Amino acid sequence: MLTTTTTRLLEPAELDAARAVLDREPVANAFVASRVAVAGLDPWRLGGELWGWYAGGRLESLCYAGANLVPVCATPEAVRGFAERARRAGRRCSSIVGPAEPTAELWSLLEPAWGPAREVRTRQPLMVTTSMPAEVEPDPLVRRIRKDEMDLIMPACVAMFTEEVGISPLAGDGGLLYQARVAELVGGGRSFARVEDGEVVFKAEIGAATAHACQIQGVWVAPEHRGRGLSEIGLAAVLRYALREVAPVVSLYVNDFNTVARAAYRRVGFREVGAFMSVLF
């Protein structure tokens, strides 16, 4: 029995204890919870390690360490433990992302060893809704992307990622990992788009998904079609799918400086309930 505070890699037998931590904040923890629901705690299937912070032998906090470093229900003491483990391991992630307060503390401890970051987005409002908007009709032309339409959706996904993150997802490995992720969403029926004349003019995905909550991501309108209100009616269409088929709570997060997007999301019924923070390398 552990009697002191410690940080270590979770063992397979601790799956229920990990789920209990994740269930404390199902909206904020949707990304990690969705991966654990599919892959358990096996690092190869999970796409990373899941570290635990223990106090008196009890699992109190988690940290996902894969392509992203994500603190989960992390107390200040846990953040310090995770930062020390991350420093020893060296940076292997492309971003640190999570609830703003613990993520900011984690970055302050890691920055001397890992910095400078390419970009730090200190406040990204986390928004949720549990119902369809009363005044925005879902776009009837938004539909699921089929498995045989990868060539149709990929250019839009690459354009969205490059515009949002500032670098192309095709860099490094030629986009193999990114294409695999897009294919996973398409294959799972969670990629949606409005297609006009053979081109995607609006797209979004239902990314992280659990029985409790899911997260809409990758909302994008082709530049030449902006100003037509496609983001609002398109998002309403994706929201309808999410509420009917995936989870009772739907979330997304957005950069605080993107006032246009925040206003559009509010019109579709999303309300701010917290904030995330992202550190991009």
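**A mixed sheet and its aromatic contacts**

Tyr 64 is buried in this predicted model, at 3% relative accessibility; buried means under 20% relative accessible area, exposed over 50% and partly exposed in between, with a 1.4 Å probe and protein chains only. Residues are numbered from 1 along each chain as its sequence is written, and side-chain values use heavy atoms, with hydrogens and water left out. Because the model is predicted, local features need pLDDT of at least 70 and side-chain atom pairs count only at pLDDT 80 or more, while totals for chains, interfaces and linings use all residues.

We can begin with the sheet. It is open, has mixed pairing and is formed by 12 strands in the order 1-2-3-4-5-12-6-11-10-9-8-7. Strand 1 (6-9) and strand 7 (142-144) stand at the edges with a single partner strand each, so one side of each has no neighbour in the sheet. On average, neighbouring strands are turned by 25 degrees against each other, direction ignored. Here strands (E, at least two residues) and helices (H or I, at least four) are DSSP runs numbered from the N terminus, and two strands pair if DSSP finds at least two bridges between them. Strand 2 (residues 48-55) and strand 3 (residues 58-66) run antiparallel and are joined by eight bridges; Gly 48 has Gly 66 in strand 3 as its bridge partner. Helix 5 (residues 100-114) packs on the sheet, where it touches strand 4 (68-72), strand 5 (95-99), strand 6 (119-129) and strand 12 (271-280). Contact means heavy atoms within 4.5 Å.

Turning to the aromatic rings, the count comes to seven pairs. Rings of Phe, Tyr and Trp (its six-membered ring) pair if their centres lie within 6.5 Å, and planes under 30 degrees apart count as stacked, over 60 as edge-to-face and the rest as tilted. Phe 31 and Tyr 64 form an edge-to-face pair, because their ring centres are 5.7 Å apart and their planes are at 85 degrees. This pair links distant parts of the chain, with Phe 31 in helix 2 (residues 30-39) and Tyr 64 in strand 3, 33 residues apart. Phe 31 is partly exposed, with a relative accessible area of 27%.

Another edge-to-face pair joins Trp 114 and Phe 281, with centres 6.1 Å apart and planes at 75 degrees. Trp 114 lies in helix 5 and Phe 281 in the segment after strand 12, so the pair ties together parts 167 residues apart in sequence. Both residues, Trp 114 and Phe 281, are buried, and ring pairs link them with Trp 107 into a cluster.

Terms used
Axes fitted to C-alpha atoms, helices over the stretch in contact; angles between N-to-C directions.
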